[in-house]
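Please open the model in your viewer and set the side chains to be shown as sticks, so that each stop of this tour can be selected in turn.

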Amino acid sequence: MNKRTYELPEASSNYFLRRGLIVISTVVCCLAFTGCDSSPEDIKISAPVVATFEHLEELSPKVSIHNLQPMFKVEARGFTAVDETGWDWAGSDEIYAVWRANVIVSTLIQGDVDSGESFDFHPLQTCIYPVAGDALLIDGRYGGADSGWICKDEGAASPIQFFVNFYEDDSPWTHFPFCFSGSIVKDCEDQFVGKYTGNWNTEQLIEILPVVGAVQDFTVQLDPCEGPAVCGDDDFSHYEFHFRITRMADKEVLRRHALE
């Protein structure tokens, strides 16, 4: 008997081919996603992720907008006429001081000032910085109810800067505001005697005043040169200025840069 030979139709060949591809794909997917026979312990976090977390910088807590600041006040004590203006035999000086910090003020006129003599300022005119109140200009040369001032109770934070000018009273008609503009006199009929600029930063103040309540007295020589154009070899006066810096109680002060 003749055996029949059967040939797979083309469609049947494609069928087995497709089945083979499906099996192969399944194996590949298994190896790729689950590792098939691999255990979960073989899964590791990639090294770059670990390194990234190890190098993260730890951030500080939210910064407070207030911080504790040392506070200070500056007060005038008096002055000494080491050598008065002009010739001593020609007459005495009539001296007043003008200083500027947060307010511009002038002190009472002190008459009969001769070489070698020292004088104190009126106790209601000693504050240099910070002056209390909202006045911008106080003329205290001739006294009166509105010619005194006091310091703010809490003082002020550093840095500290103030300007002092001394004049001899030569005219009852001198208009006070024109006798002080920065450190140079403008349109002032009174005679310029000397000037001083006080300037301290926080580090300097803490060094000389390390604790609350500390007091430091200073004596400085006034610069007799009104300006570069009027400072030469003439016989200038020689005055000394005495003042005091006191450290007040520390206070929380708003940190401006935290708001910007």
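In this predicted model, begin by selecting Arg141 and Tyr96, where the charged end of Arg141 sits over the ring of Tyr96, at 5.7 Å from its centre.

Next, select Gly143, which is found in the loop between β7 (137-139) and β8 (156-157). Gly143 is partly exposed, with a relative accessible area of 30%. If you add His122 to the selection, you will find that the C-alpha atoms of Gly143 and His122 are separated by 9.9 Å, although the two residues are 21 residues apart along the chain.

Now turn to the aromatic rings, for which the count comes to 19 aromatic pairs. Select Phe79 and Phe166, which form an edge-to-face pair, with 5.6 Å from centre to centre and 75° between the planes. This pair links distant parts of the chain, since Phe79 belongs to strand β1 (residues 66-83) and Phe166 to strand β9 (residues 160-168), 87 residues apart. Are Phe79 and Phe166 buried or exposed? Both Phe79 and Phe166 are buried.

Keep Phe166 selected and add Phe241, with which Phe166 forms another edge-to-face aromatic pair, at 5.8 Å centre to centre and with 65° between the planes. Because Phe166 lies in strand β9 and Phe241 in strand β12 (residues 238-254), the pair ties together parts that are 75 residues apart in sequence. Phe241, like Phe166, is buried.

With Phe166 still at the centre of the view, which residues is Phe166 in contact with, leaving aside its neighbours within four places in sequence? Besides Phe79 and Phe241, the contacts of Phe166 include Ile95, Tyr96, Ala97, Phe121, Phe192, Val193 and Leu222; Tyr96 is the residue whose ring lies under the charged end of Arg141.

Widen the selection to the cluster that ring pairs link together, whose members are Phe79, Trp99, Phe119, Phe121, Phe162, Phe166, Tyr196, Trp200, Phe218, Tyr239, Phe241 and Phe243.

Finish with the largest nonpolar core, which has 38 residues, and in which Trp99, Phe166, Phe241 and Phe243 touch the most other members. To see where this core is drawn from, colour the elements that give two or more residues to it, namely β1, β2 (93-100), β6 (127-129), β9, β10 (191-200), β11 (215-221) and β12. Of these, β1 is the one to select last, as β1 gives the most to this core, with five residues.

Technical notes: Residues are numbered from 1 along each chain as its sequence is written. This is a predicted model: local features need pLDDT of at least 70, side-chain atom pairs count only at pLDDT 80 or more; totals for chains, interfaces and linings use all residues. Side-chain values use heavy atoms; hydrogens and water are left out. Rings of Phe, Tyr and Trp (its six-membered ring) pair if their centres lie within 6.5 Å; planes under 30 degrees apart count as stacked, over 60 as edge-to-face and the rest as tilted. Helices (H or I, at least four residues) and strands (E, at least two) are DSSP runs, numbered from the N terminus. Buried means under 20% relative accessible area, exposed over 50%, partly exposed in between (1.4 Å probe, protein chains only). A charge sits over a ring if NZ of Lys or CZ of Arg is within 6 Å of the ring centre and within 35 degrees of the ring normal. A nonpolar core is a set of buried Ala, Val, Leu, Ile, Met, Phe, Trp, Tyr and Cys residues joined through side-chain atoms within 4.5 Å. Contact means heavy atoms within 4.5 Å.
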